[in-house]
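User: Please take a close look at a single part of this model, starting from one residue of your choice. Then follow the side-chain pairs and the packing outward from there in one connected account.

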Amino acid sequence: LIPRKEDDSAYPGQWHLPGSVMRPGEEIDDVFLRLEKSEIGINILSKKFAFHFNNPGEARGHFFSLIYFCILDKKQGRGEWFFVDDLPKNTIDHHAHGVIPDAVKLWFVGKI
């Protein structure tokens, strides 16, 4: 998880899963390269699409997210690792109660 900046317009100071919107003209790989450089600070060695997450009630509008499982370089990046049953209290709600539990279920069912 990565903390959002205190002056962020959406979820200031809350912990979140790294991610981004796709900008006009971008491909998926462009988004991942941007995330490596600007958000997580770790090289993504591989990625695999896992599932989509539909969030029509997101504070900034209707978000339809593509969720990927990623293998990261072993270097420390900008975020912190947490056990899934011990997330920070100020984790973005739809991450803590939606995306993360769905990812854990999928991972342990072995469909990845």
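Analyst:
**Arg60 and its surroundings**

Arg60 is partly exposed, with a relative accessible area of 44% (buried is under 20%, exposed over 50%, partly exposed in between, with a 1.4 Å probe and protein chains only). The model is predicted, so local features need pLDDT of at least 70 and side-chain atom pairs pLDDT 80 or more, while totals for chains, interfaces and linings use all residues. Numbering runs from 1 along each chain as its sequence is written, and side-chain values use heavy atoms, without hydrogens or water.

The side chain of Arg60 meets that of Glu58 in a salt bridge, with 2.9 Å from N to O (a Lys or Arg side-chain nitrogen within 4 Å of an Asp or Glu carboxyl oxygen). Glu58 has a relative accessibility of 6% and therefore counts as buried, so this salt bridge joins a buried residue to a partly exposed one. Beside Arg60 in the numbering is Gly61, which is found in the loop between β3 and β4 (strands are DSSP runs of E with at least two residues, helices runs of H or I with at least four, numbered from the N terminus). Gly61 is partly exposed at 26%. Leaving aside residues up to four places away in sequence, Gly61 touches Asn55 and Pro56 (heavy atoms within 4.5 Å).

The Arg60 and Glu58 pair is a salt bridge, and a search of the whole structure finds 4 of these. Another one involves strand β3: the side chains of Lys47 and Asp29 meet with 2.9 Å between N and O. This pair links distant parts of the chain, since Lys47 is in strand β3 and Asp29 in helix α1 (residues 28-40), 18 residues apart. Lys47 is partly exposed, with a relative accessible area of 35%, and Asp29 also counts as partly exposed, at 46%. A further salt bridge is formed by Asp8 with Arg4, where the closest N and O atoms are 3.1 Å apart. In that pair Asp8 is partly exposed at 23%, whereas Arg4 is buried at 16%.

Ring pairs also connect the strands on either side of the loop. The count comes to 4 aromatic pairs (ring centres of Phe, Tyr or the six-membered ring of Trp within 6.5 Å; planes under 30 degrees apart are stacked, over 60 edge-to-face, the rest tilted). Phe32 and Tyr68 have ring centres 5.1 Å apart and planes at 80°, so the pair is edge-to-face. Phe32 lies in helix α1 and Tyr68 in strand β4, so this pair ties together parts that are 36 residues apart in sequence. Phe32 counts as buried at 12% relative accessibility, whereas Tyr68 is partly exposed at 25%. Tyr68 also pairs with Phe49, again edge-to-face, with 5.6 Å from centre to centre and 80° between the planes. Here too distant parts of the chain are linked: Phe49 is in strand β3 and Tyr68 in strand β4, 19 residues apart. Phe49 is partly exposed, with a relative accessible area of 40%. Through these ring pairs Phe32, Phe49 and Tyr68 are linked into a cluster. Strand β4 is also the place of Leu66, which is partly exposed at 45%.

Residues of β3 and β4 also enter the largest nonpolar core, whose 8 members are Ala50, Phe51, Phe53, Ile67, Phe69, Val99, Ala103 and Leu106 (buried Ala, Val, Leu, Ile, Met, Phe, Trp, Tyr and Cys joined through side-chain atoms within 4.5 Å). Two or more residues of this core come from each of β3 (44-55), β4 (63-72) and α2 (93-109).

One backbone feature lies elsewhere in the chain. Tyr11 has a phi near 60°, a positive value in a residue other than glycine. Most residues other than glycine have a negative phi. Tyr11 lies in the loop between β1 (2-3) and β2 (15-16), and at 18% relative accessibility Tyr11 counts as buried.

To return to the starting point, Arg60 holds a salt bridge to Glu58, and Gly61 lies in the loop that runs between β3 and β4. Those two strands both give residues to the largest nonpolar core, and they are linked by the edge-to-face rings of Phe49 and Tyr68. Helix α1 is tied to β4 through Phe32 and Tyr68 and to β3 through the salt bridge between Asp29 and Lys47.
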